Amino acid sequence: MNYADSLRRNKNLLSVFYRNGGARSIFKRCMDKYFWHFLLTPRLRSSRCDIAPRPPVVFQFEITQSCNLNCKMCSRASGNRSHFEEMNPDKFRFYLRRLGTRPEHISLNGVGEPLVSPHLFAIMEFLQTRNITCSFYTNGLALNQHAIQRLSSFKNLTFIGVSCDSPEKAVFENLRRGADFDKFKSNIESLTRHLVVSGSEVQVAFNFVINAMNIHQLRETIAFASRVGIDRMDFNDMIPNEGLASALDADIENLDLDGLIRFGENRGVAVNFNFRKTGFTSRICFMPFEYIMVEANGNIKPCCMIIDKRKAPNLGNLNDQSLKDIWNNPAYRSFRKEFLTGKQDYCRGCRLYFAPNSNSIADGRQ
């Protein structure tokens, strides 16, 4: 990579930060994150630290496990559950108190579709009264006019991520089983148009999961994003699930990332890549030391990238204990120790997982 391409990529990354809803707050969080990681990395590489030095700073609440689709790349595709939990406002407030701290921001996501939850707007209203910002990801199919009008009224909503894995109807509907591409396109156009008219500052981005079926459509999806009013495009590597083949490492390595960034710039779309093959030889996942996911039933998970729930660690439940009692309990410490040394199986399905005190990168296809 030459100097000009490196400068362009850094400039684009700053542009992504700026467009991520609430430019000052997201930039502050990112700078804190990278400074923290700079301090923590040598410690994780040189020791077998199993105690988190500070409380979690990233919070995700799964307000529903229900969904209106059955996507091939979703962790739900590998599970056989007949019952899906919901988190009502009373439970949400209870779990929030159990944290022992007031988060600056909460992501309202899990394995379900937030917009099918009957409690989403009530929870967002509660967060707004507490000056807590929020965000969520959606498949876009439930973005009707009522939902769009309500979302544009929230001042604490900073970001909406919309799943879009193809600009082609046949591929889109194959990946997003149960989806209607024409309805999806119409909903997104209505959303972006209404946000402009209402003066809302919420950032909307497309979230694209790269796999064997769509890796050749990245450029076309950027163009599609531009046509429907989306000005940010996030490309993500896939966590392998049953029934869907991930893209080959060689294909990912051969992607013209800088060319895609330039293509996006020419169409007013900030392009971001969130996968391992970006020029770095390895990366450490810091989630066990800074992040928690609160499932709809109160269970604490170290990550939302859950593949096999049979291997998921039992770290604690907010119905039974406060987060202070859970965060560095024996179960969490054992999980972190095995995480750092590469001895546990829970994270091996994620291609971003790197054990800093072992000599190998775990790959879910091994």
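Me: What makes both faces of β5 count as covered?

Reply: In this predicted model, Q203, A205, N207 and V209 lie on one side of β5 and V204, F206, F208 and I210 on the other, and all of these are buried. The cut-off for "buried" is a relative accessible area under 20%. In a regular strand the side chains alternate between the two faces of the sheet. The strand spans residues 203-210, and eight of its eight residues are buried, which is the basis for calling it mostly covered.

Me: How do you know which strands pair with β5, and in which sense?

Reply: Two strands pair if at least two bridges are found between them. Strand β4 (residues 157-163) is joined to β5 by five bridges, and β5 pairs with strand β6 (residues 232-237) over five bridges; both counts therefore satisfy the criterion of at least two. The sense is parallel between β4 and β5, and parallel again between β5 and β6. As examples of partners, G161 has A205 of β5 as its bridge partner, while V209 stands opposite N236 in β6. Between β5 and β6 the chain passes through helix α8 (residues 218-227), and this β-α-β crossover is right-handed.

Me: Where do these strands belong in the sheet as a whole, and what makes a strand an edge strand?

Reply: Nine strands form an open sheet in the order β7-β6-β5-β4-β3-β2-β1-β8-β9, with mixed pairing. β7 (270-274) and β9 (300-301) are the edge strands, as each pairs on one side only. Further along that order, β3 and β4 are parallel and share five bridges, with F136 opposite I160 in β4.

Me: Why are the buried residues of α5 said to line one face of the helix?

Reply: The buried residues of helix α5 (residues 145-153) are A147, I148, L151 and S152. Viewed down the axis of α5, they fall within an arc of 130°, so they line one face. An α-helix has 3.6 residues a turn, so residues three or four places apart point the same way. The elements against which the buried residues of α5 pack are α4, β3, β4 and α7 (181-198).

Me: What makes N144 a cap of α5?

Reply: A side-chain oxygen of N144 lies 3.3 Å from the backbone nitrogen of H146, at the N-terminal end of α5. A polar contact requires N or O atoms within 3.5 Å, so the separation of 3.3 Å meets that limit.

Me: Why is the F121 and F154 pair called stacked or edge-to-face?

Reply: A search of the whole structure finds 16 aromatic pairs. For F121 and F154, the ring centres are 6.2 Å apart and the planes are at 20°, so the pair is stacked. The limits behind this conclusion are centres within 6.5 Å and planes under 30 degrees apart. F121 belongs to helix α4 and F154 to the loop between α5 and β4, so the pair ties together parts that are 33 residues apart in sequence. Both F121 and F154 are buried.

Me: Which term describes the pair F172 and F184, and why?

Reply: The ring centres of F172 and F184 are 4.7 Å apart with the planes at 40°, so this pair is tilted. Planes under 30 degrees apart would count as stacked and over 60 as edge-to-face, so 40° falls in the remaining class. F172 in helix α6 (residues 169-175) and F184 in helix α7 are 12 residues apart, and their pair links distant parts of the chain. F172 and F184 are each buried. Both are included in one aromatic cluster formed by F172, F181, F184, F206 and F224.

Me: Why is helix α10 described as largely enclosed?

Reply: Seven of the 10 residues of α10 (residues 257-266) are buried, so the helix is largely enclosed by the rest of the structure. The buried residues of α10 are L257, D258, G259, L260, I261, F263 and G264. After α10 comes G268, with a positive phi near 75°.

Me: How do you know whether N131 is buried or exposed?

Reply: Its relative accessibility is 64%, and the cut-off for exposed is over 50%, so N131 is exposed. N131 is in the loop between α4 (120-129) and β3 (133-138). Although N131 is not a glycine, its phi is positive, at about 55°.

Note on methods. Residues are numbered from 1 along each chain as its sequence is written. This is a predicted model: local features need pLDDT of at least 70, side-chain atom pairs count only at pLDDT 80 or more; totals for chains, interfaces and linings use all residues. Side-chain values use heavy atoms; hydrogens and water are left out. Helices (H or I, at least four residues) and strands (E, at least two) are DSSP runs, numbered from the N terminus. Buried means under 20% relative accessible area, exposed over 50%, partly exposed in between (1.4 Å probe, protein chains only). A crossover is right-handed if, with the strands pointing away from the viewer, the path from the first strand over the helix to the second runs clockwise. The arc is that of the directions from the helix axis to the C-beta atoms. Contact means heavy atoms within 4.5 Å. A polar contact is a pair of N or O atoms within 3.5 Å; within protein, one must be able to donate a hydrogen and the other to accept it, and residues adjacent in sequence count only if both atoms are side-chain atoms. Rings of Phe, Tyr and Trp (its six-membered ring) pair if their centres lie within 6.5 Å; planes under 30 degrees apart count as stacked, over 60 as edge-to-face and the rest as tilted.
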